[in-house]
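This report is for a reader who is new to the structure shown below. It takes up aromatic rings, the nonpolar core and a patch on the surface.

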Amino acid sequence: MAQEPVKKENKKAAAPAEAAATGKPAKAKGVKKKTKKNITSAVVHINATFNNTIVNISDAQGNTVAWSSAGMQGFKGSRKSTPYAAQVAAEHASRAAQEHGVKIVEIEVKGPGAGRESALRAIQTTGLTVTTIRDVTKIPHNGCRPPKRRRV
């Protein structure tokens, strides 16, 4: 007696067929619906390095609400470190945060980059109320370890 081969159903092909039978639309896998978070006050972290400027807007607990960087806005190479690139990145992040209901912000600036001041001004011009501006740049107390002594 020869056994007949058992056909395995393709799960991907079965999903649309099930949806058509039940009358409900098939769910797209991996796609999240963006929800409005309704946060009124937030903290803006501006990280201005020599090569890039990153603007991160988070709530009081530290959860990111919106973020942007000069590289994310399409600037490449040495143009990422310009004040204009920092301004564009800050405007983009603050608009995205305003969509979630952010109105009042505290600003923490870190790093020696060229985009510190322009990112700050851009956030103020977008309509967010700035309560405090803090510089949280880390300062070395004793510097780097010196190189080992030369032997001749």
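## Aromatic rings

One aromatic pair is found when the whole structure is searched. Its members are Phe75 and Tyr84, which meet edge-to-face with 5.9 Å between the centres and 85 degrees between the planes; rings of Phe, Tyr and Trp (its six-membered ring) pair if their centres lie within 6.5 Å, and planes under 30 degrees apart count as stacked, over 60 as edge-to-face and the rest as tilted.

Phe75 counts as buried because its relative accessibility is 11%, whereas Tyr84, at 52%, counts as exposed (buried means under 20% relative accessible area, exposed over 50%, partly exposed in between, with a 1.4 Å probe and protein chains only).

The model is predicted, with local features needing pLDDT of at least 70 and side-chain atom pairs pLDDT 80 or more, while totals for chains, interfaces and linings use all residues. Residues are numbered from 1 along each chain as its sequence is written, and side-chain values use heavy atoms, leaving out hydrogens and water.

## Nonpolar core

The largest nonpolar core, a set of buried Ala, Val, Leu, Ile, Met, Phe, Trp, Tyr and Cys residues joined through side-chain atoms within 4.5 Å, has 21 residues, and Ile46 and Ile107 are among those with the most contacts inside it.

Not counting residues up to four places away in sequence, Ile46 touches residues including Ile54, Ile107 and Ile123, where contact means heavy atoms within 4.5 Å.

## Surface position of Ile54

Ile54 lies in strand β2 (strands are DSSP runs of E, at least two residues, numbered from the N terminus). At 36% relative accessibility, Ile54 counts as partly exposed.

Definitions and conventions
Helices (H or I, at least four residues) and strands (E, at least two) are DSSP runs, numbered from the N terminus.
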